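Please open the model in your viewer and keep the sequence panel beside it. The stops below can be followed one after another, each beginning with something to select.

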Amino acid sequence: MRIHSSVVLCAVVLACASNASARLGETKEQIEARYGRMEAGVYQLKGLTIAVGFVNGISIEEHYWKKADAPFTQEEKQELLRVNSQGFEWTPVPVPKNSTAPPRSWKRSDGATATDASRFKVKATETVIKQLRETERKQKAKAAPLPSGL
C-alpha cells in the first residue's frame, strides 16, 4: 500500500507540474490564463507557488516551490525542464567527479539556465533579457511626451 501511495502522489505532483508551469517567453496574459490572477506577488496552483519575473511583459525567470519548501523529486525536475524547453535541449552541468549527487543545474542549448537550490528556477539568457529591455526602453521613448513648444 505504501508503494502504491507513493506512485499516486508522484503522478499527482507530475500532473500538477505539467499543468502548473509557466514557460519562459510567455506573456503575463498567457501565464494568468494558465494560473489565474497573481496574489501577493506570486501565483498559487495545485500545491505549487510560482514567482515569475517579467521584462517588457515577457517571462524571463520563474521560481517554483512546493508547500513547506519540500524538495522536488528527480521526476518533477525533469518535468519542469521539459515544460520549459521550448524546443531546446537541457544538458546537466557537470558535478565534481567525486560527487554522487544528482545535477543541481542545467543549461539549455540556447543558453537559458535552470538551478535546483531550495527552489527550482529557470532563467532566460542574458541576450534575450537585454533585447527585451532595449525594446521596452524604445517603447517608453516613443511614448514620452514631446517638450512643450514643439
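Begin by selecting T49, which in this predicted model has a relative accessible area of 10% and therefore counts as buried, the limit being under 20%. T49 belongs to strand 2, and its side chain makes a polar contact of 3.1 Å with the side chain of Q44. If you leave aside residues up to four places away in sequence, the residues that T49 touches are V42, Y43, Q44, H63, Y64 and W65.

From T49, move to Y43, one of the residues it touches, and add Y35 to the selection. What kind of aromatic pair do Y35 and Y43 form? A search of the whole structure finds one aromatic pair, and this pair, made by Y35 and Y43, is tilted, with 5.0 Å from centre to centre and 45° between the planes. Both of these tyrosines, Y35 and Y43, are buried.

Keep Y35 selected and widen the view to the largest nonpolar core, which has 18 residues. The residues with the most contacts inside this core are Y35, I50, Y64, W90, A114, F120 and V122, and they are a convenient set to show as sticks. At least two residues of the core come from each of helix 2 (28–35), strand 1 (43–45), strand 2 (48–55), helix 3 (74–83) and strand 7 (120–123), while strand 2 gives the most, with three residues. Next, select V55, I60, A124 and L132, which are included in a second, separate core of five residues. As background, nonpolar side chains in soluble globular proteins tend to be buried together.

Now switch to a cartoon view and colour the strands. In what order do the seven strands of the open sheet lie? The order is 1-2-3-7-6-5-4, and the pairing is antiparallel. Strand 1 and strand 4 (90–92) are at the edges and have a single partner strand each, so one side of each is left without a neighbour in the sheet. On average, and with direction ignored, neighbouring strands of this sheet are turned by 20° against each other.

With the sheet in view, select residues 105–108 and 113–116, which are strand 5 and strand 6, and which pair in the antiparallel sense over three bridges. Here K107 stands opposite T113, and S105 stands opposite T115. The two strands form a hairpin with four residues between them, and in its turn G111 has a positive phi of about 105°. Looking at strand 6 by itself, you can separate a covered face, with A114 and D116, from an uncovered one, with T113 and T115. Strand 6 is also joined to strand 7 by four bridges, the two running antiparallel, and D116 has F120 in strand 7 as its bridge partner.

Then bring the helices back. Helix 2 lies across strand 1, strand 2 and strand 3 (58–66), and its direction is at about 30° to strand 1. Helix 4, residues 126–143, lies across strand 2, strand 3 and strand 7, and runs at about 60° to strand 2.

Select S59 next, a residue of strand 3. Is S59 buried or exposed? At 1% relative accessibility, S59 counts as buried. Not counting residues up to four places away in sequence, S59 touches R23, L24, G25, E26, I31, V52, G53 and F54. Of these, I31 is worth a distance label, since S59 and I31 are 28 residues apart in sequence, yet their C-alpha atoms are 8.5 Å apart in space.

Finally, zoom out to the whole chain. The protein has four helices and seven strands, and read along the sequence they follow the pattern α-α-β-β-β-α-β-β-β-β-α. Of its 150 residues, 32% are buried. Among contacts with a separation of 6 or more, 46% are between residues 24 or more positions apart.

Note on methods. Residues numbered from 1 in each chain as written. Predicted model: local features only at pLDDT ≥ 70, side-chain atom pairs only at ≥ 80, totals over all residues. Heavy atoms only, no water. Phe/Tyr/Trp six-rings, centres within 6.5 Å; stacked < 30°, edge-to-face > 60°. Buried < 20%, exposed > 50% of the residue type's maximum accessible area, 1.4 Å probe, protein only. Core = buried A, V, L, I, M, F, W, Y, C linked by side-chain atoms within 4.5 Å. Pairing = 2+ DSSP bridges. Axes fitted to C-alpha atoms, helices over the stretch in contact; angles between N-to-C directions. Contact = heavy atoms within 4.5 Å. Polar contact = N/O pair within 3.5 Å; in protein donor to acceptor, adjacent residues only side chain to side chain.
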